[in-house]
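Okay, thanks for coming, everyone. I'll put the sequence and the model up now, so have a look while I talk you through it.

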Amino acid sequence: MTLKWQHVIVHSADPAALGQWWAEALGWVVVHTSDVEFAIRPEPDRLPGLEFVLLDEPKKAKSRLHLDFVPDDQDAEVARLVAHGAKRVDIGQGDQSWVVLADPEGNEFCVLGQRRQ
């Protein structure tokens, strides 16, 4: 059996707006748009990507799945993402080496720091 991972699906109230936000935040390219979907990838033919799909209901709780990113410079990337519209969020993580942020629709993601030994 062979499976190819194509996308992580993100439900969204406004797929085009949120997908464009992520495309700009990650420097990815848009590969598909419709009234209900907006897909981005690191490069046009490189998988996996992110696909934002219309879901007309608000987010209700902490996300059960989130993305982790490894930066060259955590402080600089956190500052860049916050300036781009991300918000710092407290999901009960306490004092950790990573920073938890949320995109404009409240989906959490982490910007990792150095692992503590």
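So, how many bridges join β1 to β4, and do the two run parallel or antiparallel? There are six bridges, and the strands run parallel. Keep in mind that what you're looking at is a predicted model. If you want one pair to click on, take I9: its bridge partner in β4 is E51.

Now stay on β4, residues 49-54, because five of its six residues are buried, so this strand is largely enclosed by the rest of the structure. β4 also pairs with β3, residues 37-41, this time in the antiparallel sense, over four bridges. A pair to find there is E37 with V53, the latter in β4.

Next up, the largest pocket. It holds about 570 Å³ of space, and 26 residues line it. What are those residues like, in terms of nonpolar, polar and charged? The split is 13 nonpolar, five polar and eight charged. Which strand gives the largest share of the lining? That's β1, with five residues. β4 and β8 each supply at least two, as β1 does. So you've already met two of these strands, β1 and β4, as a parallel pair.

If you want to zoom in on the middle of the pocket, the residues nearest its centre are V10, H11, K59, S63 and N107. Let me pick out N107. You'll find N107 in the loop between β7 and β8. Is it buried or exposed? The cut-off for buried is under 20% relative accessible area, and N107 comes in at 16%, so it counts as buried. Leaving aside neighbours within four places in sequence, N107 is in contact with V10, L18, K59, S63, L101 and A102. V10, K59 and S63 should sound familiar, as they were on the list for the pocket centre.

Last stop, helix α2, residues 74-83. Which of its residues are buried? Those are Q74, V78 and L81. They cover an arc of only 70° around the axis, which puts them on the same side of α2. Swing round to the other side, and D75 and A83 are exposed. As for what the buried residues pack against, that's α1, β6, β7 and β8. And β8, remember, is one of the strands supplying residues to the pocket lining.

That's my tour, so over to you for questions.

Terms used: Residues are numbered from 1 along each chain as its sequence is written. This is a predicted model: local features need pLDDT of at least 70, side-chain atom pairs count only at pLDDT 80 or more; totals for chains, interfaces and linings use all residues. Side-chain values use heavy atoms; hydrogens and water are left out. On a 1 Å grid over the protein atoms alone, a cavity is a set of points where a 1.4 Å probe fits but cannot get out, and a pocket is an open set with protein on both sides within 12 Å along at least five of seven lines; lining residues have an atom within 4 Å of a point. Grid points are joined across faces, edges and corners, and a volume is the space filled by probe spheres set on the points. Ala, Val, Leu, Ile, Met, Phe, Trp, Tyr, Cys and Pro count as nonpolar, Asp, Glu, Lys and Arg as charged, and the others, Gly among them, as polar. Buried means under 20% relative accessible area, exposed over 50%, partly exposed in between (1.4 Å probe, protein chains only). Two strands pair if DSSP finds at least two bridges between them. The arc is that of the directions from the helix axis to the C-beta atoms. Contact means heavy atoms within 4.5 Å.
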